[in-house]
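Here's a quick tour for anyone meeting this structure for the first time. Take a look at the sequence and the model, then read on.

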Amino acid sequence: MKNYPQFIPARFPREVLALAEDQGPVALALIKRAKDLCHPAARAPEDPVSHENLSRVCTAAVQSCNDPWLGFTVGQHFSLARFGALGAAASSCPRAIDMLEVLQNFSDTLLPVPSHMQTHGDRVTIEYDLPPFFSGEPEFHAQLIIAASFRLLKDCVGYLPPSVRIALPFAQTRNYAEKYSCETSYGQPALAINLPLSYLKSPLSSSDPAARQLFLDACENLARRLRSSRTLGGSIRAMLESCQYAYPTLEQVADRLHVTTRTLRNHLAREDLSYRELVRQHRLAQAKKLLGENDLSTAEISDLLGYSNVASISRAFKRDTGKAPSIYRARGAF
């Protein structure tokens, strides 16, 4: 199971909202509701918000702005200085590849999106694991991640290589190649950036071994505290991942957690969640995965995941993606 963060530093959603308001005109009611979600979680350290609320903030921002490149605009503002101790540790590294390794090592706790690197000959691929919470606005999140990654590399190395490539996990809707000035492929299995290994071995002028270790220690301490502050929603998601398509009832989950169903509902409500919503999210994420990985028909996927009928899974897809399952599969929007 992929290990997604449970809490995100509140500076991320606040930055999104600040930039969304600057785009205008905005839907003030949506922005107000999103701002309310930026309050820190009660049991978590260092002023973070839940991952679910970050997703809601981003969705509200997208719905409030008539800007197809909002994610790009937001991402360009994320310099390393905005990442606190993690940014300081990364900028103190000797080389660009060392900086990326530091960010990767803490991406499952201190960043909104986990990532990992793979070296293939003379090139390196950075792949980003978009959490299921982000499925409603995949282009916004892809734009933000790519723009922020490019900003960090350009700030630290001084330039971007001409041979950079990006892979997008959805069909082409606008000209990303022109916007990012790089080779672009669409409908790929994952969001990824591909760079020359020689470029990533470039030395950083801000390298400081002593400061790096100091900030790494601070990051380790914060990450340890965040991991110990797991939400109930996160615990139930982990439980659902092990169910292999057969979802337990609310009563069975409560029994496994040694609480009453009423207590379970109340605790989930404090996280702005319900068990029904968690199952819906997980079932839809599994449906998308099955559509992308095999040739099962929509009816077969519907039966496998426990949808009541084909119409039910179609409604779920249209509500979440605006597309029927067959169109979603044909366009490679995974």
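## Helix α11

In α11, the buried residues are Leu232, Gly233, Gly234, Ile236, Arg237, Met239 and Leu240. That makes 7 of the 10 residues in this helix, which runs over residues 232–241, so α11 is mostly covered. Keep in mind that you're looking at a predicted model here.

One of those buried residues, Ile236, turns up again further on, in a core of 14 residues.

## The chain as a whole

Let's step back for a moment. The protein chain is built with 17 helices and 7 strands. Of its 334 residues, 52% are buried.

How do the contacts spread along the sequence? Take the contacts between residues at least 6 apart in sequence: 70% of them join residues at least 24 apart.

## Two nonpolar cores

The largest nonpolar core has 66 residues, and Met99, Tyr180 and Leu200 are the ones that touch the most other members. Which helix gives this core its largest share? That's α7 (residues 138–157), with 12 residues. There's also a second, separate core of 14 residues, and its members include Ile236, Leu250, Leu264 and Leu278.

Leu200 is a good one to zoom in on. Not counting neighbours within four places in sequence, Leu200 is in contact with Arg95, Ala96, Ile97, Leu100, Val124, Leu153 and Leu195.

## Two serines in loops

Ser202 sits in the loop between α9 (197–200) and α10 (209–227). Is it buried or exposed? Its relative accessibility is 12%, and because buried means under 20%, Ser202 counts as buried. Setting aside neighbours within four places in sequence, Ser202 is in contact with Pro94, Arg95, Ala96, Val157 and Tyr159. Arg95 and Ala96 are also among the contacts listed for Leu200.

Ser181 is another loop residue, placed between α8 (176–180) and β6 (183–185). With a relative accessible area of 59%, Ser181 is exposed, because the cut-off for that is over 50%. Its backbone is worth a look too: phi of Ser181 is near 55 degrees, a positive value in a residue other than glycine.

## A cavity inside

Now for some empty space. A search of the whole structure turns up 1 cavity of 30 Å³ or more, and the volume of the largest cavity is about 460 Å³. It's lined by 27 residues, and the closest to its centre are Leu111, Tyr128, Ile145, Ala148 and Ser149.

Which elements give two or more residues to that lining? They are α1 (11–23), α3 (51–64), α6 (96–105), β3 (115–120), β4 (123–128) and α7. The largest share, 7 residues, comes from α7, the helix that also gives the largest share of the largest nonpolar core. By class, the lining is made of 21 nonpolar residues, 6 polar ones and no charged ones.

## Helix α15 and its cover

Helix α15 spans residues 298–305, and Thr298, Ile301, Ser302 and Leu305 are buried in it. Why do they line one face of the helix? Seen down the axis of α15, these buried residues fall within an arc of 105 degrees, so they end up along one face. As a rule, an α-helix has 3.6 residues a turn, so residues three or four places apart point the same way.

What covers the buried residues of α15 includes α14 (275–293), α16 (310–321) and α17 (325–330). Right after α15 comes Gly306, whose phi is positive, near 85 degrees.

## Two residues of α14

Leu290 is found in helix α14. It's buried, with a relative accessible area of 6%. Leaving out neighbours within four places in sequence, Leu290 is in contact with Tyr245, Ile301, Leu304, Leu305 and Arg329. Of these partners, Ile301 and Leu305 are among the buried residues of α15. Arg329 is 39 residues away from Leu290 in sequence, and the two are 9.7 Å apart in space, C-alpha to C-alpha.

Lys289 is found in α14 as well, but Lys289 counts as partly exposed, at 43% relative accessibility. How far apart in space are the C-alpha atoms of Lys289 and Pro189? They're separated by 9.8 Å, with the two residues 100 apart along the chain.

Note on methods:
Residues are numbered from 1 along each chain as its sequence is written. This is a predicted model: local features need pLDDT of at least 70, side-chain atom pairs count only at pLDDT 80 or more; totals for chains, interfaces and linings use all residues. Side-chain values use heavy atoms; hydrogens and water are left out. A nonpolar core is a set of buried Ala, Val, Leu, Ile, Met, Phe, Trp, Tyr and Cys residues joined through side-chain atoms within 4.5 Å. Buried means under 20% relative accessible area, exposed over 50%, partly exposed in between (1.4 Å probe, protein chains only). Helices (H or I, at least four residues) and strands (E, at least two) are DSSP runs, numbered from the N terminus. Contact means heavy atoms within 4.5 Å. On a 1 Å grid over the protein atoms alone, a cavity is a set of points where a 1.4 Å probe fits but cannot get out, and a pocket is an open set with protein on both sides within 12 Å along at least five of seven lines; lining residues have an atom within 4 Å of a point. Grid points are joined across faces, edges and corners, and a volume is the space filled by probe spheres set on the points. Ala, Val, Leu, Ile, Met, Phe, Trp, Tyr, Cys and Pro count as nonpolar, Asp, Glu, Lys and Arg as charged, and the others, Gly among them, as polar. The arc is that of the directions from the helix axis to the C-beta atoms.
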